[in-house]
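Q: Hi! I've just opened this one and I'm new to it. Could you walk me through it?

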Amino acid sequence: MRTSRATACVPGDTLLHPLVFCAVLVLVLNDHVFKARWPSWWTGKLSDVAGLAMFPLLLQGLWEQARGRSARGGFRPSLAVLTACVVLTGCVFTAIKVWEPAAEVWRWGLGGMQWPVRAAWAVLSSRAVPAVAPVAHTMDVTDLLALPALGVSYALGRKRCASHEPARQPA
């Protein structure tokens, strides 16, 4: 009989880790407060570090939620999915920082995802609904210095995967 070494795992539960919460908080505060009050090289990099530290775990959580509903025999996190999410995040981040077509897709894609919130706020404020607009984005190759922050996501996810592996039975 195989037993788990830890309690049951829930799809996407890594997003509840305090480091992920802190990364999201830093990202929001930096993008909406710090950059406006203290624009500098550091505030530019802080968002990159915070985003890279949490985004692969968000992708993994979305994947797990989609797949977890159809899983038979219980859910276990996948190191392969985690690794794919970390690599994908690193590749996309690199592309939008160094390649203009990728940056334009990013600007319009993120602007499109933000539009429903902006439109709802306009309606609630009795203003005209705005058009979809691209977000501001700065291509800066020095932002690639933040790539090691992907290690935070990988370390948290790997620890989670290891703690939910089935216990090995002695031979």
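Q: Let's start with Phe34: how accessible is it?
A: Happy to help! This is a predicted model. In it, Phe34 has a relative accessibility of 26%, so it counts as partly exposed, since that class runs from 20% to 50%.

Q: And which residue does Phe34 form an aromatic pair with?
A: That would be Trp38. The ring centres of Phe34 and Trp38 are 5.8 Å apart, with 45 degrees between the planes, and the pair is classed as tilted.

Q: How many aromatic pairs are there by this rule?
A: The count is two. Trp41 and Trp42 also pair: their ring centres lie 4.8 Å apart and their planes stand at 90 degrees. Angles over 60 degrees count as edge-to-face, so the Trp41 and Trp42 pair is edge-to-face.

Q: What about Trp41 and Trp42, how exposed are they?
A: Trp41 is partly exposed, at 42% relative accessible area. Trp42 comes to 64% and counts as exposed, because the cut-off for exposed is over 50%.

Q: Changing topic: what secondary structure does the chain have?
A: The chain has five helices and zero strands. Along the sequence that reads α-α-α-α-α.

Q: What share of the residues is buried?
A: Of the 171 residues in the chain, 29% are buried.

Q: And how far apart in sequence are the residues that touch?
A: Take the contacts between residues at least 6 apart in sequence: 76% of them join residues at least 24 apart.

Q: Now the largest pocket, please. How much space lies in it?
A: About 1,300 Å³. Its lining has 32 residues, and Leu27, Asp31, Ser47, Trp106 and Leu110 lie nearest the centre.

Q: Which elements give two or more residues to that lining?
A: They are helix H1 (18-37), helix H2 (41-68), helix H3 (79-98) and helix H4 (100-124). H2 gives the most, with ten residues.

Q: What classes of residue line the largest pocket?
A: The lining has 17 nonpolar, eight polar and seven charged residues.

Q: Last topic: what's the mean pLDDT of the chain?
A: The mean is 90, and 89% of the residues reach 70 or more. Among the elements, H3 has the highest mean pLDDT, at 98, and H2 the lowest, at 94.

Q: Where does pLDDT stay under 50?
A: Over residues 1-5. For residues 1-5, the model has nine contacts beyond four places in sequence.

Key. Residues numbered from 1 in each chain as written. Predicted model: local features only at pLDDT ≥ 70, side-chain atom pairs only at ≥ 80, totals over all residues. Heavy atoms only, no water. Phe/Tyr/Trp six-rings, centres within 6.5 Å; stacked < 30°, edge-to-face > 60°. Buried < 20%, exposed > 50% of the residue type's maximum accessible area, 1.4 Å probe, protein only. 1 Å grid on protein atoms, 1.4 Å probe; cavity = no way out; pocket = protein on both sides within 12 Å on 5 of 7 lines; lining within 4 Å. Points joined across faces, edges and corners; volume = space filled by probe spheres on them. Helix = DSSP H or I, 4+ residues; strand = E, 2+ residues; numbered from the N terminus. Nonpolar A, V, L, I, M, F, W, Y, C, P; charged D, E, K, R; others polar. pLDDT = per-residue confidence, 0-100. Contact = heavy atoms within 4.5 Å.
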